[in-house]
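User: Could you take a close look at one part of this model for me, the stretch where consecutive strands turn back on each other? I'd like a connected picture of how the strands are joined.

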Amino acid sequence: MTRGYANSWTSVRLPEADLAELVLEVGAPLLSELGSRAPLEQAREVLALVVSFWNASVRASKRWERRRVKELNELKKQLQGQKCHGSATFDVLAERFNPHWLDPRLVEDWSYDEDSMGARRLTCTVGLPDGVRAEVPPPVDKRIAIGGVFLDEVRIRLDRTSSLSFPYARHSGAVAEDGTATVHAMMPAALQLFAEGRLQPVGGPPVDVNVSGRALGPMVLVEVRSAGERHDVATLVFKPRTSPGGTA
């Protein structure tokens, strides 16, 4: 997430997960208590509550500099005394939403209907809070990925509610004629990849590497060093798994 100055926008990277599936996941305990054979209209009433809770929670998220908590507080009062599977309904919803607290998306509009086979489907259109706009990912031919993650998407936790990342221009890479790939990554991002197990030790199991849109396939890390006098940049050298020195 990037922030601008006064009268500017907050830019956020949108998650890839389907919003409708996440809303159903949050509302699953309420829907299960209602029962799969409940009338469609009753299920819609439950989902209307879940959507209201989702949107209120997004607006009240601690990720925003200016949180809007009024709607969530009012919903908490409204649900006071209501139970779901023996627990307070508000607490059940809050627990289910908690893994998605960084999701910036609002449910702008939704419908819940049965398809031709009788299966019920939730569809949602996505909105964003006031002052927030979607960040457009950079072109893939300018990005580097290791272990299935683009380096500019690596998040290094600063505290409970914020993290650090580096834009794609802070990372670079090149591929030699023999297939050797040399990646210059910001040191915190490289350490985070090691911590997550996405980047293996030198001589360890191969990982997928993508440099400037070119998928190199399984590559073995053969060397790690600082980039010259710049100790904030890690130079990572990879060789194809089948090449000399690249056998895992």
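Analyst: Start at V211, which stands opposite R214 in β15. This is a predicted model, so please read every value here as computed from it. V211 falls within strand β14, which covers residues 207–211, and β15 covers residues 214–227. These two strands pair in the antiparallel sense, with 5 bridges between them. Together β14 and β15 make a hairpin with 2 residues between the strands. In that turn, S212 has a positive phi of about 55°.

Now follow β15 along to A227, whose bridge partner in β16 is R230. Strand β16 spans residues 230–240, and its pairing with β15 is again antiparallel, this time over 8 bridges. The hairpin of β15 and β16 has 2 residues between the strands, and G228 takes a positive phi near 60° there. β15 therefore takes part in both hairpins, one with β14 and one with β16. As a general point, side chains in a regular strand alternate between the two faces of the sheet.

There is also a surface feature to look at alongside the strands. V224 joins L191, F194 and V202 in a nonpolar surface patch of about 340 Å². Of these residues, V202 sits in the loop between α5 (187–196) and β14. If you are tracing the chain on screen, that loop leads you back to β14, and β14 to its hairpin with β15.

Methods. Residues numbered from 1 in each chain as written. Predicted model: local features only at pLDDT ≥ 70, side-chain atom pairs only at ≥ 80, totals over all residues. Heavy atoms only, no water. Pairing = 2+ DSSP bridges. Helix = DSSP H or I, 4+ residues; strand = E, 2+ residues; numbered from the N terminus. Patch = residues over 30% accessible without salt bridge, like charges linked within 9 Å, V, L, I, M, F, W, Y side chains within 5 Å. Areas by Shrake-Rupley, 256 points an atom, 1.4 Å probe, with all protein chains shown as cover. Salt bridge = Lys/Arg side-chain N within 4 Å of Asp/Glu carboxyl O.
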